[in-house]
Amino acid sequence: MPPTLSFTLTHYLTLLVAVLLVVVEANLPATGIASELPTFREAPAFRNGRECRNRAHGESVFHIAMTLDATYLRGSIAGVFSVLQHTSCPENVVFHFIATTHRRAELRRIITTTFPYLAFHLYHFDANLVQGKISYSIRRALDQPLNYARMYLADLLPAKVRRIIYFDSDLIVVDDVAKLWRIDLHSRVLGAPEYCHANFTNYFTHRFWSNPSYAASFKGREACYFNTGVMVIDLWKWREGRYTEKLETWMRIQKRNRIYELGSLPPFLLVFAGDVERVEHRWNQHGLGGDNLEGLCRDLHPGPVSLLHWSGKGKPWLRIDSKKPCPLDSLWAPYDLFRHSPSLFSDS
């Protein structure tokens, strides 16, 4: 075989193998082959105090909803652990986990082995419900279908669940969650800490404010920003008011006209801002993950703290693993049950 032909054939075969490897790697999730989910240490068993009523009494049960996925699983586990550790009636807490992944059996196993005594339910969220309604935002994590599951809690959870606390997967609770559960929503559908000093106009584009019919949406309302990572929701009133449909309407408008930039938050502001039952700021010390672009370190807001929320780009587990933690990440670390793999160079 002439040398030039041999050289060409060798490079052709090398290129072919490289292309095949890329194709195989790209299709691993589709074939069900994926990286292993993280493993966690078993949490201690937390028991009710003497003052707690039996869970058989429905009014004594606290319902909490959170999402589960591979990316934020470590944060979700820390969040659950923090709730159980600080509440006086941990056996009366029921968690409602929501997942889109085909790996729900693995997620169920992880929750069961990490929290053997936990009362929980795991629901499937059909990503197709929002797939055609999501517009790209300033951060890819905000575009994931599971980020919109909070809009569908009234459809996912059983009708007998009247009230739910929704928690994001990047927070820890350092107070008794029963205090948050018992807030009086009065006639309102939703309760959350409000931040009226925030520049509300920044959450919507010029196209929104220049359209008289869109801008009129806030007419007659004292609209304030609130963070949707911590909400207390009356699911019965939500269903009665068909609030999921109202949120979806704004998502469809956004798809056509690009009236905001920030994921699932703006539809909530459009529907609820100005009609939110105010919760103490201590229940959402948010923004500890910095902004959505750089995720720089931040300090706590002034005042007491019941919940620490790493909203923003920077997540404590990622910064800790990269050996570049922010000072406040040390407050998250004690709730991290992640089982680290032994180092290749470890003496043990």
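## Helix α11 and its surroundings

In this predicted model, helix α11, which spans residues 265-272, is mostly covered, with eight of its eight residues buried. The residues concerned are L265, P266, P267, F268, L269, L270, V271 and F272. These buried residues pack against a mixed set of helices and strands, namely β6 (190-192), α7 (206-209), β8 (225-226), β9 (230-234), α9 (235-241) and α10 (243-257). After α11 comes G274, a residue whose phi is positive, near 95°.

## The nonpolar cores

The largest nonpolar core holds 53 residues, and the members that touch the most other members are I64, F95, F97, F115, L118 and F167. Helix α2 (residues 73-86) contributes the largest share of this core, seven residues. Another core, of 50 residues, lies apart from it and has A149, Y166, Y195 and F218 among its members.

For F167, leaving aside residues up to four places away in sequence, the residues touched are I64, A65, M66, V83, V173, V177, L180, G229, V230 and L307.

## The β2-α3-β3 unit

Strand β2 (residues 93-99) pairs with strand β3 (residues 119-124) in the parallel sense, and six bridges join the two. Between these strands the chain passes through helix α3 (residues 104-114), and the resulting β-α-β crossover is right-handed. Within the pairing, V94 has A119 of β3 as its bridge partner.

## The loop before α2

A70 is found in the loop that links β1 (62-67) to α2. Its relative accessibility is 47%, and because a residue must lie over 50% to be called exposed and under 20% to be called buried, A70 counts as partly exposed. Although A70 and L37 are 33 residues apart along the chain, their C-alpha atoms are separated by 6.3 Å.

## The chain as a whole

The chain contains 13 helices and 11 strands, and 50% of its 348 residues count as buried. Among contacts in the chain with a separation of 6 or more, 75% are accounted for by residues 24 or more positions apart. The exposed area of the chain is about 18100 Å², of which carbon and sulfur atoms supply 56%.

Notes: Residues are numbered from 1 along each chain as its sequence is written. This is a predicted model: local features need pLDDT of at least 70, side-chain atom pairs count only at pLDDT 80 or more; totals for chains, interfaces and linings use all residues. Side-chain values use heavy atoms; hydrogens and water are left out. Two strands pair if DSSP finds at least two bridges between them. Helices (H or I, at least four residues) and strands (E, at least two) are DSSP runs, numbered from the N terminus. A crossover is right-handed if, with the strands pointing away from the viewer, the path from the first strand over the helix to the second runs clockwise. Buried means under 20% relative accessible area, exposed over 50%, partly exposed in between (1.4 Å probe, protein chains only). Contact means heavy atoms within 4.5 Å. Accessible areas come from the Shrake-Rupley method with a 1.4 Å probe; for residues, only the protein chains shown count as cover. A nonpolar core is a set of buried Ala, Val, Leu, Ile, Met, Phe, Trp, Tyr and Cys residues joined through side-chain atoms within 4.5 Å.
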